[in-house]
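Colleague: Please take a close look at a single part of this model, the one that carries a domain annotation, and explain each term as you reach it.

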Amino acid sequence: MVSKTFAPGALGPLSLKNRFIKAATFEGVMARGQVSDALIEFHADVARGGAAMTTVAYLAISPGGRVHRDTIVLDAAQVPALRRLTDVVHAEGALACAQIGHAGLVANTLSNRTPSLAPSARFSAPAMGRVKAATAAQLDAVVEEFGAAARHAVEAGFDAVEIHMGHGYLLSSFLSPNLNRRTDEFGGDTSRRAELARRVAERVRACAGESVAVTAKFNMDDGVRGGLWLGDSVPTARLLQSDGHLDALQLTGGSSLLNPMYYFRGPVPMAEFIASQPAPVGLGLRVIGRRLFREYPFEEAFFLPLARQFREALDMPLILLGGINELDTVHGALAEGFGFVAMARALLRDPGLVNRFRDETATAGLCVHCMKCMPTVYSGTRCVIR
């Protein structure tokens with residue numbers, strides 16, 4: 001069991017040197033959507049710290065798919081700069097993954113200065129207005145844009161592509177019965193709500209080729225009333241498995257649109273959030289912040305009970321995510337049949353944690369789960385006590 005943790009593991013066509021993946025964490029250092037030296041160093045630090053693969057987040061498939069203007073669009077113009085990043089990561093002994101997606105209802109349309117898309121028309125607080133329902137033609141274009149982004153990722157030297165199907169972003173919103181009220185081929189029962197995600201996975205695989213791993217970050221539970229839950233998410237995962245286009249699912253939950261703390265867990269750093277925002281936004285947070293940011297107590301491996309339902313139902317490789325800080329947790333997850341673990345906050349606090357696990361100088365990370373790293377996404381994501 002212990003040796004498996006640091007033994008190579010197969011992820012589609014790839015061989016990862018161990019079972020640790022740095023999960024996508026918005027780095028907050030891409031001003032005006034450009035690759036910066038700080039972004040490269042962020043991932044170099046993780047790579048030299050021992051993780052087998054680090055994930056660059058979040059790379060939009062189009063200008064309208066950005067979270068805001070300081071989000072990279074994975075187009076041809078960004079390939080040379082992203083190639084610098086992947087070359088550095090490879091030189092440090094790790095592989096590089098590109099998380100690609102469309103923010104949908106989570107997109108700040110005022111910052112982007114371009115409209116976003118949704119399965120059904122509705123008001124979106126991140127968009128600061130009403131987002132229209134996408135037409136069938138627009139969704140066809142989205143599928144093609146995912147394919148183009150996958151091609152650019154390969155050209156930039158990425159070893160893997162992670163499709164964002166979680167957190168209320170566009171593909172996730174189509175899966176959700178709460179957000180998808182369509183009556184056409186993209187809405188209705190579980191299978192039709194999965195149609196867009198399935199088409200995207202097929203297109204990404206076709207464009208990425210067989211030498212690159214293709215995975216998806218996939219919501220098990222939206223954490224909101226009427227949202228995606230196991231009764232829909234498990235059958236949807238079975239459909240994605242049967243299609244055969246994905247090499248693994250990274251299991252997550254929660255909604256950046258409606259319940260972001262569901263996938264963070266811990267105290268809400270409201271004072272720090274307010275201080276990080278312009279005065280009008282900070283005032284709004286004082287009024288409604290506690291309703292928007294619900295508080296959930298932190299628990300080690302908090303997604304494991306849900307993830308076990310998928311491990312029981314699926315044969316494909318699964319990546320466990322969510323509050324993994326202790327080496328015993330990793331050993332246990334691998335013993336249960338999970339292929340890899342993905343870590344985020346623990347590696348913000350200590351990018352060298354995987355090496356310290358390997359060298360038997362640590363059995364747990366130093367993260368205290370204070371959540372004060374969350375507001376730093378506006379100024380460069382970091383642990384505030386590191």
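Modeller: What follows goes through the annotated part, then a few places outside it.

This is a predicted model, in which local features need pLDDT of at least 70 and side-chain atom pairs count only at pLDDT 80 or more, while totals for chains, interfaces and linings use all residues. Residues are numbered from 1 along each chain as its sequence is written, and side-chain values use heavy atoms, with hydrogens and water left out.

The unreviewed UniProt entry places the feature "domain: NADH:flavin oxidoreductase/NADH oxidase N-terminal" at residues 6-228; UniProt positions are given in the numbering used here, feature names are shortened, and annotations may be inferred rather than shown by experiment. This span is 33% helix and 21% strand, and its end C-alpha atoms lie 34 Å apart. Helices (H or I, at least four residues) and strands (E, at least two) are DSSP runs, numbered from the N terminus.

Start with helix α2 (residues 37-48) and helix α3 (residues 79-91), whose axes come within 9 Å and cross at roughly 20 degrees. Such axes are lines fitted to C-alpha atoms, for helices over the stretch in contact, and the angles run from 0 to 180 degrees between N-to-C directions. The two helices α2 and α3 are therefore roughly parallel to each other (a label for angles under 35 degrees). The crossing of α2 past α3 is right-handed, meaning that the near helix is turned clockwise from the far one by less than a right angle. On the α2 side, the contact (heavy atoms within 4.5 Å) is made by Asp37, Leu39, Ile40, His43, Ala44 and Ala47, and on the α3 side by Arg84, Leu85, Val88 and Val89. These residues divide into seven nonpolar, one polar and two charged, where Ala, Val, Leu, Ile, Met, Phe, Trp, Tyr, Cys and Pro count as nonpolar, Asp, Glu, Lys and Arg as charged, and the others, Gly among them, as polar. It helps to remember that an α-helix has 3.6 residues a turn, so residues three or four places apart point the same way.

A second helix pair is formed by α5 (residues 136-155) and α8 (residues 195-208), which pack at an angle of about 35 degrees with their axes 8 Å apart. Here, too, the crossing of α5 past α8 is right-handed. From α5, the contact includes Leu139, Val143, Phe146 and Ala150, and among the residues they and their neighbours meet in α8 are Leu196, Val200 and Val204. The residues of this contact divide into 10 nonpolar, one polar and five charged.

Two details of the backbone also deserve attention. The peptide bond from Ala57 to Tyr58 is cis, with omega near -5 degrees, and Tyr58 sits in strand β4 (residues 53-60). Met128, although not a glycine, has a positive phi of about 60 degrees, and this residue lies in the loop between β7 (122-124) and β8 (129-131). With a relative accessible area of 48%, Met128 is partly exposed, since buried means under 20%, exposed over 50%, and partly exposed in between (1.4 Å probe, protein chains only).

Finally, consider two residues further along the chain. Asn355, in helix α15 (residues 353-358), touches Arg48, Gly49 and Gly50, if residues up to four places away in sequence are not counted. At 18% relative accessibility, Asn355 counts as buried. His369, in the segment after α15, has a positive phi near 60 degrees without being a glycine, and counts as buried at 18% relative accessibility.

How values were computed
Angles under 35 degrees count as roughly parallel, over 145 as roughly antiparallel, 65 to 115 as roughly perpendicular and the rest as oblique.
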